[in-house]
Amino acid sequence: MENKHLSTGAKALEVNLDPVRYGSFAEIGAGQEVVRWFFRVGAAAGTIAKSISAYDMKVSDDIYGKAARYVCRGRLEDMLDLEYDLNIERLSEQRGDSSAFFAFADTVSARNYHGTNECHGWLGIRFQVEPHAAPSEIIIHVRMLDNENSLQQEALGIIGVNLIYGALFCHHNPDMLVKSLLDNLTTDRIEVDMVDFHGDAFMHVDNRIISLRLVQLGLSDAAMFSADGRVLQPSEHLRKKNVLVERGRFRPVTHVNIDMLNAARKQFEAEDDSSPEETISIMEITMHNLHTGGDSIDLEDFLSRADVLEAAGHTVMISDYPEYYRLATYLSRYTQRRIGLTMGAHSLIDLFNEEYYSSLQGGILEGFGRLFKNNVKLYIYPYKDAETNSLFKVADLKVHNSQKYIYEYLKQGNFIEQIEEYNEQYLHIFSPDVLKMILNNESGWEALVPDVVAEKIKEQRLFGYKS
């Protein structure tokens with residue numbers, strides 16, 4: 001069903017006029033902005049079984065159970081659980097044969113009077129595709145970017161209607177559904193940094209592809225998923241953590257990629273005696289490294305990379321931050337603790353290319369100022385020249401004469417650290433060489449990647465593998 005020309009009011013009215021849809025609305029924070037649309041356009045009696053707003057924490061706890069935090073996924077799921085179950089319990093006997101029930105919920109922190117809080121929210125809908133169907137569910141997380149509370153409330157109402165309309169009428173086309181979330185909005189007003197689909201209506205949906213779509217469509221600048229493929233929300237997953245990131249193509253992930261991250265992490269954790277639980281390490285792929293030409297992305301290739309990274313047990317991030325300083329700024333939005341970026345010596349030299357900072361008025365100085373301002377440190381893995389057998393480390397690298405004093409300053413200030421414990425036997429391994437061996441069905445590539453990665457490539461025939 002095409003929806004791109006529908007206003008928010010028209011979407012709400014179409015839901016109200018559908019004789020099958022019937023459900024409840026539970027909203028905490030920012031007013032009852034979503035359900036208001038359905039009341040405003042008319043014919044709401046045929047759609048709304050109940051509308052509730054439990055603002056007081058004690059009241060909220062009495063209804064949904066105690067919560068450590070009130071604007072989090074756990075609270076949203078408690079709301080959906082209760083409200084959906086109540087609909088089934090109270091209404092099935094009377095109208096279960098003719099109604100497809102739904103429960104919509106949101107828990108939101110809109111801009112406070114002083115403008116000091118994080119403005120974000122969780123929204124979700126649990127719904128039946130048709131009467132008596134098993135429930136399906138969509139959960140999203142949003143960041144509200146308007147500077148006024150009233151504008152944030154307005155944006156929340158619009159995206160809530162988009163979510164409900166999309167779930168009820170576009171569930172057969174998740175790609176269209178995701179695109180429609182920002183109908184009648186702009187990315188200057190709201191950011192969607194997580195979408196999670198579950199249930200019978202989405203049996204064939206891969207949430208990793210949905211995460212990729214968020215970034216590809218510009219709804220978010222980054223998305224994350226865990227080693228078991230679960231979609232992660234950055235602010236909840238990175239909160240109060242030290243964060244270590246390795247950027248790469250990972251096509252496929254090799255021994256050198258794993259050794260780089262493990263060696264950097266050992267050094268990273270030792271610097272403040274933090275426990276492993278306090279640090280999260282992430283393998284990051286930029287959209288630039290996924291493009292196959294123009295704006296197109298090979299989804300099979302993307303999933304192959306995701307599969308081998310997950311097999312190796314790593315959290316994955318997809319970002320639209322080709323510049324490291326933008327990545328560091330993004331991470332510092334979610335944690336006040338230490339941030340580490342690990343890279344090879346070649347990448348460090350590239351970091352001193354002034355063209356990299358051409359979009360900044362302050363050029364390379366502004367770029368480094370942004371990169372290192374939030375307790376950020378670089379951990380550098382050595383590079384071995386295959387022809388000369390020379391080993392290049394932080395102390396040996398040469399930058400352009402115009403940047404040599406900046407380089408010395410960053411070294412002396414401990415902003416750049418040499419990774420000391422590394423496996424020299426891995427330094428000859430390069431992912432493009434391994435990929436070529438796999439494509440050409442050459443023997444020996446298995447020894448260049450972790451065993452679990454080799455097994456995954458063979459088992460699922462990834463990267464063009466032929467037995």
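In the predicted model, buried residues account for 55% of the 467 residues of the protein. The accessible surface amounts to about 20600 Å², and 48% of this area belongs to carbon and sulfur atoms. The radius of gyration is 25 Å, which agrees with the value near 23 Å for a compact globule of 467 residues, while the C-alpha trace spans about 80 × 60 × 40 Å along its principal axes.

The secondary structure consists of 16 helices and 18 strands. When contacts between residues at least 6 apart in sequence are considered, 72% of them join residues at least 24 apart.

The largest nonpolar core contains 48 residues, and those with the most contacts inside this core are Phe 38, Ile 125, Ile 138, Ile 140 and Val 192. Helix H5, comprising residues 149-169, gives the most to this core, contributing eleven residues. A second core, separate from the largest one, has 46 residues, among them Val 215, Leu 303, Val 316 and Val 453.

The surroundings of Ile 125 were examined further, with neighbours within four places in sequence left aside. On this basis, Ile 125 is in contact with Leu 80, with Phe 102, Ala 103 and Phe 104, with Ser 136, Glu 137 and Ile 138, and with Leu 163, Ile 164, Ala 167 and Leu 168. Among these partners, Ile 138 is itself listed with Ile 125 among the residues having the most contacts inside the largest core.

With respect to charge, the protein carries 47 positive and 69 negative side chains, and the centres of the two sets lie 2 Å apart.

Key: Residues are numbered from 1 along each chain as its sequence is written. This is a predicted model: local features need pLDDT of at least 70, side-chain atom pairs count only at pLDDT 80 or more; totals for chains, interfaces and linings use all residues. Side-chain values use heavy atoms; hydrogens and water are left out. A nonpolar core is a set of buried Ala, Val, Leu, Ile, Met, Phe, Trp, Tyr and Cys residues joined through side-chain atoms within 4.5 Å. Buried means under 20% relative accessible area, exposed over 50%, partly exposed in between (1.4 Å probe, protein chains only). Helices (H or I, at least four residues) and strands (E, at least two) are DSSP runs, numbered from the N terminus. Contact means heavy atoms within 4.5 Å. The radius of gyration is taken over C-alpha atoms; the globule rule is 2.2 Å times the number of residues to the power 0.38. Accessible areas come from the Shrake-Rupley method with a 1.4 Å probe; for residues, only the protein chains shown count as cover. Lys and Arg count as positive and Asp and Glu as negative; His and the chain ends are not counted. The place of a charge is taken as NZ of Lys, CZ of Arg, CG of Asp or CD of Glu.
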